[in-house]
Amino acid sequence: MKEQGMTETVQRSGDRVVLRYERVLRHPVDVVWAAITEPDQINGWWGTRPEIDLRVGGDYVSFHATGDRVVDRIVRLEPPHVFAHTFWQHV
C-alpha cells in the first residue's frame with residue numbers, strides 16, 4: 001500500500017538499477033535533513049552510527065547487523081532537499 005505523498009520509481013539500464021523514493025513529510029526541512037545526514041541522528045533511529053563525508057564523491061559508510069561494512073558514494077547533494085547515494089556497494 002502506498003502512503004499518501006509518496007512516489008517511487010525503478011529504472012533499469014543494463015546491469016544498473018536506480019530506485020527513487022520521494023516522500024512528503026510533515027516536519028520542517030532542517031529537521032528531516034539532520035535526520036538523514038547527521039550520524040548521531042541516524043544512530044538514534046537506525047541503531048548504528050554511519051560515517052558520512054557529506055560531499056559529492058564522499059563516502060557513506062554504514063554498518064549492518066550482518067557484520068557487513070558497506071561503503072557507498074554520495075552522488076548528488078543539494079542541501080537541504082536532495083541527498084542521493086549508491087546503495088550496498090561493498091568495498
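## A pair of facing valines

Let us start inside a sheet: Val61 stands opposite Val71, a residue of strand β5. The strands β4 and β5 pair in the antiparallel sense, and five bridges join them. Before going further, please keep in mind that this is a predicted model.

Where does this pair of strands fit in the sheet? The sheet is open and has four strands in the order β3-β4-β5-β6, with antiparallel pairing. At its edges stand β3 (51-52) and β6 (82-85), and each has a single partner strand, so one side of each has no neighbour in the sheet. If you are new to sheets, it helps to know that their strands pair through backbone hydrogen bonds, either parallel or antiparallel.

## The whole protein at a glance

Now let us step back. The protein has 91 residues, and buried residues make up 20% of them. Its secondary structure comes to two helices and six strands. If you walk along the chain from the N terminus, you meet the elements as β-β-α-α-β-β-β-β.

How big a box do the C-alpha atoms fill? Taken along the principal axes, the box is roughly 35 × 35 × 25 Å. The protein exposes about 7,200 Å², and carbon and sulfur atoms supply 52% of that area. You can also ask how far along the chain the contacts reach: among contacts between residues at least 6 apart in sequence, 11% join residues at least 24 apart.

## The hairpin at the start of the chain

Strand β1 (residues 6-13) and strand β2 pair in the antiparallel sense over eight bridges. Together β1 and β2 form a hairpin with two residues between them. Look for Gly14 in the turn, where phi is positive at about 65°. One bridge you can trace is that of Arg12, whose partner in β2 is Val17.

Val18 is a good residue to visit next, as it belongs to strand β2 (residues 16-23). Which residues does Val18 touch, leaving aside its neighbours within four places in sequence? The contacts are Thr9, Val10 and Gln11. Is Val18 buried, partly exposed or exposed? With a relative accessible area of 33%, Val18 is partly exposed, because that class lies between the limits of 20% and 50%. There is also a long step along the chain to notice: Val18 and Thr86 are 68 residues apart in sequence, yet their C-alpha atoms are separated by 8.9 Å.

## A helix across the sheet

Helix α1 (residues 29-37) lies across β3, β5 and β6, and runs at about 20° to β6. Within this helix you will find Thr37. At 6% relative accessibility, Thr37 counts as buried, because buried means under 20%.

What does Thr37 touch, not counting residues up to four places away in sequence? The answer is Ile42, Ile52, Leu54 and Phe83. The side chain of Thr37 also has a polar atom that lies 2.7 Å from the backbone oxygen of Trp33.

## Charged partners

Side chains of opposite charge can pair when their charged atoms come close. How many salt bridges does the structure hold? There are five, and we can visit some of them here.

The side chains of Asp59 and Arg73 meet in a salt bridge, at 2.1 Å from N to O. This pair links distant parts of the chain, with Asp59 in strand β4 (residues 59-63) and Arg73 in strand β5 (residues 69-78), 14 residues apart. Asp59 is partly exposed at 31% relative accessibility, and Arg73 is partly exposed with a relative accessible area of 31%.

Another salt bridge joins Arg20 and Glu22, with the closest N and O atoms 2.7 Å apart. Arg20 counts as partly exposed at 45% relative accessibility, and Glu22 counts as partly exposed at 38%. Asp40 and Arg49 form a salt bridge too, and their closest N and O atoms are 2.8 Å apart. Here Asp40 is exposed, with a relative accessible area of 55%, while Arg49 is partly exposed at 47% relative accessibility.

Terms used. Residues are numbered from 1 along each chain as its sequence is written. This is a predicted model: local features need pLDDT of at least 70, side-chain atom pairs count only at pLDDT 80 or more; totals for chains, interfaces and linings use all residues. Side-chain values use heavy atoms; hydrogens and water are left out. Buried means under 20% relative accessible area, exposed over 50%, partly exposed in between (1.4 Å probe, protein chains only). Contact means heavy atoms within 4.5 Å. A salt bridge is a side-chain nitrogen of Lys or Arg within 4 Å of a carboxyl oxygen of Asp or Glu. Two strands pair if DSSP finds at least two bridges between them. Axes are lines fitted to C-alpha atoms, for helices over the stretch in contact, and angles run from 0 to 180 degrees between N-to-C directions. A polar contact is a pair of N or O atoms within 3.5 Å; within protein, one must be able to donate a hydrogen and the other to accept it, and residues adjacent in sequence count only if both atoms are side-chain atoms. Accessible areas come from the Shrake-Rupley method with a 1.4 Å probe; for residues, only the protein chains shown count as cover.
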